[in-house]
Amino acid sequence: MNDDLENPGGSVEPVTAPDLDPVEPVPAETGAAPASKKHALPFWLELPLLIIAALAIAVVIKTFFLQAFWIPSSSMEDTLLINDRVMVNKLAYRVGDLQRGHVVVFDDPRGGVPQEALLEATQRNIKEAVGLSVPRTEFIKRVIGLSGERVEIIDNQVLIDGAPIDEPYLKNGSLMPDFGPVVVPAGEMFVMGDNRNSSQDSRYFGSVSTDTVVGRAFVIMWPPSRWSGL
């Protein structure tokens, strides 16, 4: 038989199977420089840096958010005792309203801030940030009267706009001489300590501008045995 008849299209190149052999990996460049190793700081150098960073963070938090406040006097007994430490929320009145009964920290309304050197100011801020010293120019009292309200004391009872208010926080034995009436000006507050026998407050220095409020004390954080909300 003729081969052309069996394969009329002419000769066909045989189809070869694809190469199934694995591709050899391309060797990595041998001239590349090895990755440099990072060396940790020695402990004696790392520790002071960590302490400085922690103190810086504490000062920032104290300045803008929260502050530990040391109680230096008996004016808020028995709610707050001498050497108690409370936490003050500095954002409280940026997102909420001042209310009667709140315990607030505010700038000394008598003014007269003493001058101090930079080093002294830095040391004071660090101590205040961790609650080791009391701010020189700040008071802590309870809000009693709000803007536009008439405050007076008659027969050892505080009246707001002629109506007596309930004060379960008062120190036992507190005695209040008759006072007022006075009307709290707009943008101000009338404050008093819970120990009415031993408190320099609005009965003496008048109502206080709400712009001087540092923040609201909301918890006793030290000592642990006295932990509680305010």
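A strand here is a DSSP run of E of at least two residues, numbered from the N terminus. With that in hand, Pro181 can be placed in strand β8, residues 179-183. Keep in mind throughout that this is a predicted model.

**View 1. A cis bond leads into Pro181 of β8.** Start with the link between Gly180 and Pro181: this peptide bond is cis, with omega at about 10°. Pro181 itself sits in β8. This strand also has a neighbour, since three bridges join β8 to β5 and the two run antiparallel. For one of those contacts, look for Ile153, whose bridge partner in β8 is Phe179.

**View 2. Asp78 follows another cis bond, out in a loop.** Here the peptide bond running from Glu77 to Asp78 is cis, and omega is near 0°. Asp78 belongs to the loop that connects β1 (66-70) with β2 (85-89). The strands on either side of this loop pair up too: β1 and β2 are antiparallel, with five bridges.

**View 3. β2 has β1 and β11 as pairing partners.** On one pairing, β2 meets β1 in the antiparallel sense over five bridges, and Gln67 has Val88 of β2 as its bridge partner. On the other, β2 meets β11 (residues 213-222), again antiparallel and over five bridges; there, Met87 is matched with Val219 of β11. How much of β2 is buried? Four of its five residues are, so the strand is largely enclosed by the rest of the structure.

**View 4. β5 and β6 make a hairpin with Asp155 in its turn.** These two strands pair antiparallel over four bridges, and two residues lie between them. Ile153 is a handy residue to find here, as it stands opposite Val158 in β6 and also has Phe179 in β8 as a bridge partner. Now move to the turn: Asp155 lies in the loop between β5 (150-154) and β6 (157-160). Its phi is near 50°, a positive value in a residue that isn't glycine. Is Asp155 buried or exposed? Its relative accessibility is 67%, so it counts as exposed, the cut-off for that being over 50%.

**View 5. Asp161 shows a positive phi just past β6.** Look in the loop between β6 and β7 (163-164), which is where Asp161 is found. Asp161 isn't a glycine, yet its phi is positive, at about 55°. With 45% relative accessibility, Asp161 counts as partly exposed.

Conventions: Residues are numbered from 1 along each chain as its sequence is written. This is a predicted model: local features need pLDDT of at least 70, side-chain atom pairs count only at pLDDT 80 or more; totals for chains, interfaces and linings use all residues. Side-chain values use heavy atoms; hydrogens and water are left out. Buried means under 20% relative accessible area, exposed over 50%, partly exposed in between (1.4 Å probe, protein chains only). Two strands pair if DSSP finds at least two bridges between them.
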